[in-house]
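Colleague: Could you take a close look at one part of this model for me and walk me through what surrounds it? I would enjoy a connected account.

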Amino acid sequence: MEFKKEALYAKSHEWVIFDGDEATIGISDYAQSELGDLVFVNLPEEGDEVEVGESFADVESVKAVSDIYSPVTGVVAEINEELLDAPEKINEDAFGAWFIKVKDITDKAELISAEEYEAFCESEE
Amino acid sequence: MELKTPLYEKHIEYGGKMVPFGGYILPVQYKSSGVIKEHMAVRTAAGMFDVSHMGEILCEGPDALANLNMILTNDFTNMVDEQARYSPMCNEQGGTVDDLIVYKMNDNKYFIVVNAANKDKDYKWMCDHQFGDVTFTDVSSQYAQIAVQGPKAKSIISKICSEGSIPDKYYYCRFGAEVAGIPCIVSTTGYTGEDGVEIYLPATKAEEMWDAIYEAGKDDGLIPCGLGARDTLRMEAGMPLYGHEMNDEISPREAGLMFAIKMKKDDFIGKKPMEEAGKPAVVRVGLKITGRGIAREFQDIYIGDKKIGYTTSGTKCPFFDYPIAMARIPREYKEPGTKMEIDVRGRRVEAEVIPLPFYKR
């Protein structure tokens, strides 16, 4: 299980990496492992607004659908179109398989460090 | 509070991800594999499933056959000893109480296997409708059940069973079988669309049997499989699941189970409303999702603005790698190639009727 140090985490299991004015968002390695084999991803479009705590995407495993919540409020600058055809990339590399990049950020959720997130996941087991 | 099967500790040991199902806590998948790998293991090699949650009911007495022929829709008259037969069980309105398998032990004794969630309802139904010299006994707690399914399933079991323990033909059983030195019942049945066996054995021997089967099969590609793969396998094979493709309100005729309903029998519970209804107006069909999305159970189906029916099961098909669904729609739309749209959480996704079963070995 990877808990990448460079990233911050939301308790709803998304990771965020801030780079200047932009945030890159994906789901954690723990989340992909809990969800199991992913077979479908629904992403927003460029220019869509996302809001803290609101669902911006959903992922489906063979068995179930799960909403992915935005850790920031802002505007979608870019989406990772590669995931639409190859959702299994999320299982293979949760940090490489980013979902969206967000600009014009005006708010962010309470985020925790990799160590805190790892401890949080252990408490969820 | 969910019950544990006799194999609960084994599932934890083998890395099972445990979830509640049908009143039991069972593995939905195993950590080292996952639904897709488990599904493909059954299609290409073998998989083993704990199905101990299923219910077992004994039907005994000189009037056993007459009772089965009245309470169930199939005809059990011409069965030979150790033969198995699938049947729906209907209520007076022609809806489905459950679907089950009857094994003939001898002229006065039958072994019936029912769905876990319906066990108590079924047993009560049988007792409430029995007549003459017959006794129904719920023996579920005495039995564990392990299904071994896949093209290599029989050759794996044959390594560890006594001679003659595996019936040659489909839908037969051996009551005097012995696997891994444990006396058991081996039947050539399953719920995956593959060749294989289901083994009924004393609950106290379940863990020993589980390990023995795993050891015998692991080098041939056998892996433990959870409820997730069991569901995707049965869906691909176009097999109905109680509570989805049929229920107390849905007739087995609408679910496409005509082969197990013998209208020529003098009488059986549910026959009259079926005769009166004639050809069912609503039928079960297979759908291939041609748009972007995955249909799930109980989503509405439209042609244009008109709602015509709903899905009863749906998933991404691991073998063909596209999403499929089963649905209840009016007969007039059942022809393969008919196009429709499914409301997938507020989004319309295109689908078309394709023949059932989706997968045939």
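Modeller: Happy to! Let's start with helix α4 of chain B, residues 119–129, where B:K119, B:D122, B:W125 and B:M126 are buried. Please keep in mind that this is a predicted model. These four buried residues lie on the same side of α4(B), because the arc they cover around the axis is only 130 degrees. As for their surroundings, the buried residues of α4(B) pack against several elements of chain B: the strands β5 (55–60), β6 (84–90), β7 (96–106), β8 (109–114) and β9 (135–138), together with helix α3 (64–71).

Further along chain B there is a closed barrel of 6 strands, in the order β15-β18-β17-β16-β19-β20, and its pairing is antiparallel. On average, neighbouring strands of this sheet are turned by 45 degrees against each other, direction ignored. Within the barrel, β15 (residues 282–289) and β18 (residues 322–330) of chain B run antiparallel and are joined by 7 bridges. One of the residues involved is B:V282, whose bridge partner in β18(B) is B:P330. Helix α7 of chain B, residues 227–236, packs on the sheet and touches β17 (306–317) and β18 of chain B. The direction of α7 makes about 125 degrees with that of β17(B).

Both α7 and β17 turn up again where the chains meet: 12 residues of chain B are in contact with 7 residues of chain A, and α7 and β17 of chain B, along with β3 (24–30) and α2 (35–44), each give two or more residues to that side of chain B. The chain B residues there divide into 5 nonpolar, 6 polar and 1 charged.

Definitions and conventions: Residues numbered from 1 in each chain as written. Chains lettered and ligands numbered in written order. Predicted model: local features only at pLDDT ≥ 70, side-chain atom pairs only at ≥ 80, totals over all residues. Buried ≥ 20, exposed ≤ 12 C-beta atoms within 10 Å, placed from the backbone. Arc of directions from axis to C-beta. Contact = placed C-beta atoms within 7 Å. Pairing = 2+ DSSP bridges. Axes fitted to C-alpha atoms, helices over the stretch in contact; angles between N-to-C directions. Nonpolar A, V, L, I, M, F, W, Y, C, P; charged D, E, K, R; others polar.
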